Amino acid sequence: MRIGAALLAVVLFAQTAKEQAFQFYQQQRFVEAAALYERHLAAHPEDRSAALLLGLAWQQSGQLPQAEAQFNRLKASYFLARVQFLRGRFAEALGSLDDALAAGEPAPRVWQLRGRIEEERGNLNLAAAHYRRADSPEGRSGLASVLYKLGRYPEARSAALAANNAEGQQTLKKIAQAPTPATPDPVVLPRFTIQDLPFTLAHSPTAAKHLVSTMAGGLAAADFDGDGLVDLFFPNGADPRTLKKTGPQHANVLLLNRGPVGWKPIPVAGDGFSIGTAVGDFDNDGDPDLFVAGAGRNLLYRNDHGKLTLIPSAIADEPFSVAAVWFDYDRDGWLDLFVVNYLAWSPANNKFCGDQAKGLRVYCNPREFAPQANRLYRNRRDGTFEDVSVRAGISRHVGKGMSVAAADFDSDGWLDLFVTNDGLPNFLFRNRGDGTFAEVGIESGVALSESGQPVSSMGAITADFDRDGRPDLLFTALVRETFPLLRNLGAGRFQDISFPAKLGPLTLTRSGWGAVFGDFNNDGWPDLLTANSHVTDNIAAVSNEVYEETSTVFVQSRGVFLQALPVTPKGAWRGAVIADFDNDGRLDAVLTRLGAPAVLLHNVTSPAGRSQSLPRPRLLPTACGYASSCAAPLHLGLGQDVPQ
């Protein structure tokens, strides 16, 4: 071994820096390759091929600003377009491709990259046209991918076969696995009026871009005072520099539903930057109690007919809790608590992210901070809780949790947990029934996107959207990631059917937070409501993306999403809950937005079909969407043809 190492050292010493760099580049050791190319170019600045490879090494190692500057200097328009595309600056990338074509760049790869850009932007028909013009194996596999997303399976199959490459084979596999949804029935489109509510979310943004400020916005819907009308609870922000509530604008608020009289706001005691809610009757007295997750402070309230009393030190504080769910994991008849933790951010380590030279600061990407473990608390039945995270196997899995959904996903009689992670693989904690959990996200098919990559997973919701008797999953994500819809195949296995169900194209250009399934037109098929907005308020300064968006209802029938209906003005929307707030047989919704009043979407759909309201089982989990709880009575749409 020593002789071999010595010989290798002699060989490397005999090579030039450029030769060593190319060897490292071929081995995908891009950081080392870049360092050697820099050394070579210091002595040979006229070597254009080495300069191009330096730019590519920077690109491959994720140093995109350096790569872009290098290709700009070299007037390498095609390579410049690729980096601009990767940075989300699509208009600039298209302009660079015009320059590349004029400079004699081979047309097939120019059109193939144009196709990729339009596919990422969600312009699928235009992308298909560009891929056709490419007339290359890469163009044909790109065409196959787009036609699959459009549901044009026979054409997609032909294009994939013609491509005869690995990407085409992947599309063929997706086509073979795609379910064929039934022909949808004609639908009545839901209609809403919109009303501001007497609560404004004080997220308190600063020029320092404290990460917590953009994460606010969960809420809860439950009949807290037992009068038969569903009330609302809003956790509120704080000064992000101290995580302290500094005035009445930061108070958490209970909004009591007084029917025709309106809403009665009641400030609720509690400190910290509050974010998420979890509703559940943890003391079995018949009143819905409340847990509030936050940065630096977690709060537990016991409810007595609408009076919320803070229980000190019942649940440990965490650096950055976001969401939670009450669920009876050990089937002893008492609700236990699972707390979702985000990452290791605090005001003390609030980093500068952005472009210092331009004085442009943005909210940091979650990769800048360490992941955290979640917590599981067992209910001791006496108003106290035991942290069983280690014993249950929860604490050994660290992530960047955003939301949680609880259901018996594998039909074994024990409640499991799905946890979204921001930029990391999602978790599925399978309940073994002996007090422990196995993390099975990868093998179950919920951890990664259809392309095999983690995405910016945000709000999570479970519902039997296709009425086959099994709980399915959906989670929101950022623009170009879609809102993945995962169909439960049985035995704890899931399949991403976002594009076969026609939801993929409708969500490709949106960024989402809150999400909830509800039958807004009472046709018997649950529709999807999402609260939409980007994370970064000045995202337009660094990419072609937008910050404020409209929130959306995606109308579903027989497993197919037919239309996306904007239901709010543009805003920084975050949490969403549903309930029949006026008891008229139609589901309404409430959404939060940063720095502006929450809104009630009053359902005025006509004709809306018949419905039935059922009492909510006491032990049924209430977590819904982003950091929120939907604890209202269960609403069942019965369709138009049910006799009186």
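Is Cys-364 buried or exposed? The solution to Exercise 1 takes this up.

This is a predicted model, in which local features need pLDDT of at least 70, side-chain atom pairs count only at pLDDT 80 or more, and totals for chains, interfaces and linings use all residues. Residues are numbered from 1 along each chain as its sequence is written, and side-chain values use heavy atoms, with hydrogens and water left out.

**Exercise 1. Disulfides**

Task: Find how many disulfides the chain has, and describe the burial of their cysteines.

Solution.

Step 1. A disulfide is a pair of cysteine sulfur atoms within 2.5 Å. By this rule the count is two.

Step 2. One disulfide links Cys-353 and Cys-364, with an S to S distance of 2.0 Å. The angle about its S-S bond is 95°, and the link is right-handed. Cys-353 sits in the loop between strand S11 (336-341) and strand S12 (354-355), and Cys-364 in the loop between strand S13 (360-361) and strand S14 (372-373), so the pair ties together parts 11 residues apart in sequence. Strands (E, at least two residues) and helices (H or I, at least four) are DSSP runs, numbered from the N terminus.

Step 3. Buried means under 20% relative accessible area, exposed over 50%, and partly exposed in between, with a 1.4 Å probe and protein chains only. Cys-364 has a relative accessible area of 7% and is buried. Cys-353 is buried too, at 10%.

Step 4. A disulfide also joins Cys-624 to Cys-630, S to S 2.2 Å. This link of Cys-624 and Cys-630 is right-handed, with 75° about the S-S bond. Cys-624 is buried at 2% relative accessible area, and Cys-630 is buried at 9%.

Step 5. With bonded cysteines counted along the chain, the disulfides follow the pattern 1-2, 3-4.

**Exercise 2. Two open sheets**

Task: Give the strand order of the sheet that contains S18 and of the sheet that contains S26, and name the edge strands.

Solution.

Step 1. Two strands pair if DSSP finds at least two bridges between them.

Step 2. One open sheet has four strands in the order S18-S19-S20-S21, paired antiparallel. Its edge strands are S18 (401-407) and S21 (437-439), each pairing on one side only. Neighbouring strands of this sheet are turned by 20° against each other on average, direction ignored. Axes for such angles are lines fitted to C-alpha atoms, for helices over the stretch in contact, and angles run from 0 to 180 degrees between N-to-C directions.

Step 3. Inside this sheet, strand S19 (residues 416-421) and strand S20 (residues 427-431) pair in the antiparallel sense over three bridges. Val-419 has Phe-427 in S20 as its bridge partner.

Step 4. The other open sheet has four strands in the order S26-S27-S28-S29, again with antiparallel pairing. Strands S26 (512-518) and S29 (560-566) stand at the edges with a single partner strand each, so one side of each is left without a neighbour in the sheet. The twist averages 20° from one strand to the next.

Step 5. S26 and strand S27 (residues 527-532) pair in the antiparallel sense over five bridges. Gly-518 has Asp-527 in S27 as its bridge partner.

**Exercise 3. Nonpolar cores**

Task: Identify the residues that touch the most other members of the largest nonpolar core.

Solution.

Step 1. A nonpolar core is a set of buried Ala, Val, Leu, Ile, Met, Phe, Trp, Tyr and Cys residues joined through side-chain atoms within 4.5 Å.

Step 2. The largest core has 101 residues, and Leu-232, Phe-320, Phe-327 and Phe-338 touch the most other members. Strand S30 (residues 573-579) gives the most to this core, with five residues.

Step 3. Apart from it lies another core of 36 residues, including Trp-58 and Ile-117.

Step 4. Contact means heavy atoms within 4.5 Å. Not counting residues up to four places away in sequence, Phe-327 touches Leu-335, Phe-338 and Pro-621, among others.

**Exercise 4. A helix pair**

Task: Determine how helix H7 and helix H8 are oriented to each other.

Solution.

Step 1. The axes of H7 (residues 90-102) and H8 (residues 107-121) come within 10 Å and cross at roughly 170°.

Step 2. Angles under 35 degrees count as roughly parallel, over 145 as roughly antiparallel, 65 to 115 as roughly perpendicular, and the rest as oblique. H7 is therefore roughly antiparallel to H8.

Step 3. Residues of H7 including Leu-94 and Leu-97 meet residues of H8, among them Val-110 and Ile-117.
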